Amino acid sequence: MKLVSDPAIANKIRKMNQRVRWQDPLIVERNIDQTRLVLEDGQGDNPEFSFLVVGDSGSGKHRGHNPQRQIAELMLPHHNESRFMLHTGDVIYLVGSSEYYQQNFIEPYREFILGGEHPKLIAYDQMIFKLPILPVPGNHDYYNLPILLSLASLTTLPLRRLLRSRLDLDVGLHGSGTGEAYAHAFIDYLKALQLPGELSSHLDRHYTGKTDTGLCLKYEPGHFTRLPNRYYTFRYGGIDFFALDSNTFNDPPPLPKTKQGDADRKILEKRREDLEQEKQHIIETSAQLRPENPIEADQLDDFHAKVSQIEEIIVDIKKQLASDKTMQTDIEQLDWLKKRLIESWNNSEVRGRVIYFHHPPYVTEATKWQQAQTLIIRDRFRGVLDAVAKEIGSLNQDRPLVDLVLNGHAHCLEHLETMDTGHADSGIHWLVCGGSGFSLRRQRIEGADLMEENRLVARSHLFIGRNGQGSQKRRPYSGLRIDVKGYGQPKFIVRPLVAEWHQRQWHNRELEPLII
């Protein structure tokens with residue numbers, strides 16, 4: 001039985017455009033840039049500031065513990081010293097449903113939300129953040145429930161009874177609505193403004209930020225905290241931040257119609273069949289476990305993560321098996337990134353660049369490092385940077401085109417650095433922050449060096465994920481505080497914040513800072 005359904009890229013783009021009334025005549029007439037926001041907190045000109053990062057957090061409670069809440073509590077002492085929090089996606093597991101925002105987002109992050117002292121009174125589509133939370137959508141934020149499973153959920157609740165298992169899969173009556181819940185929670189949902197004059201009045205109030213690309217949305221902590229679009233940019237302390245929606249450029253090319261392509265197809269089909277059988281075995285085995293037993297509760301936690309992992313691999317295989325007629329690429333977004341990076345490098349007021357999106361181009365986590373989605377994201381991101389490098393020439397003076405790239409998707413914390421890749425993504429530092437709540441995964445057994453043919457393209461300097469076996473198994477969940485220092489070329493001091501679940505107890509620790 002399929003537990004998730006990943007909508008087609010064309011549907012994701014079309015529905016998200018409808019929700020923000022993309023290029024509505026009234027918006028065009030006012031010269032409003034729908035991909036930009038101004039963070040109006042009165043401190044945006046300060047070149048030294050701090051921000052927080054979390055990702056892949058939205059799993060709610062585990063058996064007897066809540067990793068997401070633990071990480072949120074670790075970040076509370078840094079709240080007043082930080083200007084905003086970036087979220088690298090997968091805000092809500094398993095299928096981005098609005099039903100789980102209360103348990104899996106509002107409750108854990110209640111101190112960051114206006115009225116958080118009474119979290120049960122906060123509607124998921126009415127959140128106002130005291131500390132800005134600036135997310136990008138993850139794949140789970142777009143997932144839907146297959147129609148047969150959705151119908152079954154209506155007649156037999158909770159879902160785990162239907163499956164005869166004890167896995168709490170965080171699946172309710174429906175899925176995300178192709179990102180509908182995410183859009184209502186975080187994006188300025190202009191589609192809802194249908195009465196005469198309503199859109200005009202709203203634009204007058206909230207789209208007054210002045211930039212070199214026109215008017216834009218004004219994000220006001222504690223008052224109006226909405227994003228203009230699924231991908232966007234903002235400038236803070238002389239740093240340009242670019243938030244991308246990688247869910248719309250992660251389709252791999254179709255398998256070639258050759259003997260080798262046919263052979264690869266058969267291998268993938270067999271792999272998918274084996275995974276479906278493995279998933280069913282896990283579900284059936286879990287029915288025999290007792291959540292009140294601490295050891296068996298940990299096993300259920302592992303099984304929950306394994307089922308989700310299998311579903312993601314099946315989705316990846318499905319993308320590879322798709323014909324060329326169904327493959328889509330969000331060219332408009334990639335062209336936007338290229339254009340904005342070129343503009344950034346030609347602006348003397350900008351001294352650094354940070355990009356964040358969900359799917360990591362480089363990672364050594366065991367389940368993600370060689371997925372088709374990982375490799376195609378790498379290829380398409382490289383293509384953008386190569387085009388930017390060609391356009392700006394020597395303007396960057398041998399500096400990497402981007403100072404820092406932040407990703408999620410892989411359930412770990414990792415710091416990598418690209419070597420000479422033969423492309424314009426050389427010399428970049430990459431931080432994978434995807435271990436902030438959902439069950440963790442291990443590093444690949446092949447080690448820290450990533451190769452392409454005979455070329456070393458990236459090296460992992462730090463990996464924090466699941467490790468150990470049996471009673472010595474450790475689950476170090478994580479988030480980041482990043483301090484931006486310096487008045488010219490910025491220095492980033494990365495402070496990993498770690499809460500480790502070991503032998504049914506929490507052990508908090510702050511690692512030595514990384515200096516980038």
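In this predicted model, the residue His502 is buried, because its relative accessible area is 8%, which falls under the 20% that marks the limit for a buried residue. His502 has its place in strand β16, which covers residues 491-502.

Setting aside residues up to four places away in sequence, His502 touches Ser471, Gln472, Lys473, Arg474 and His507. Two of these neighbours, Lys473 and Arg474, also appear in the table of polar atom pairs below, where the part that each partner contributes is given together with the distance.

| Partner of the His502 side chain | Part of the partner | Distance |
|---|---|---|
| Lys473 | backbone oxygen | 3.2 Å |
| Arg474 | side chain | 3.5 Å |

A separate topic is the enclosed space inside the model. How many cavities of 30 Å³ or more are counted? The count comes to one cavity, and the largest cavity holds about 60 Å³ of space. The residues that line the largest cavity are Asp6, Lys12, Asn139, Tyr143, Asn247, Asn250, Glu312, Val315, Lys319, His359, Gln373 and His409.

Sorted by class, this lining of the largest cavity consists of six polar, four charged and two nonpolar residues. Which helix gives the most to the lining of the largest cavity? Helix α10, made up of residues 294-321, gives the most, and its share of the lining is three residues.

Technical notes
Residues numbered from 1 in each chain as written. Predicted model: local features only at pLDDT ≥ 70, side-chain atom pairs only at ≥ 80, totals over all residues. Heavy atoms only, no water. Helix = DSSP H or I, 4+ residues; strand = E, 2+ residues; numbered from the N terminus. Buried < 20%, exposed > 50% of the residue type's maximum accessible area, 1.4 Å probe, protein only. Polar contact = N/O pair within 3.5 Å; in protein donor to acceptor, adjacent residues only side chain to side chain. Contact = heavy atoms within 4.5 Å. 1 Å grid on protein atoms, 1.4 Å probe; cavity = no way out; pocket = protein on both sides within 12 Å on 5 of 7 lines; lining within 4 Å. Points joined across faces, edges and corners; volume = space filled by probe spheres on them. Nonpolar A, V, L, I, M, F, W, Y, C, P; charged D, E, K, R; others polar.
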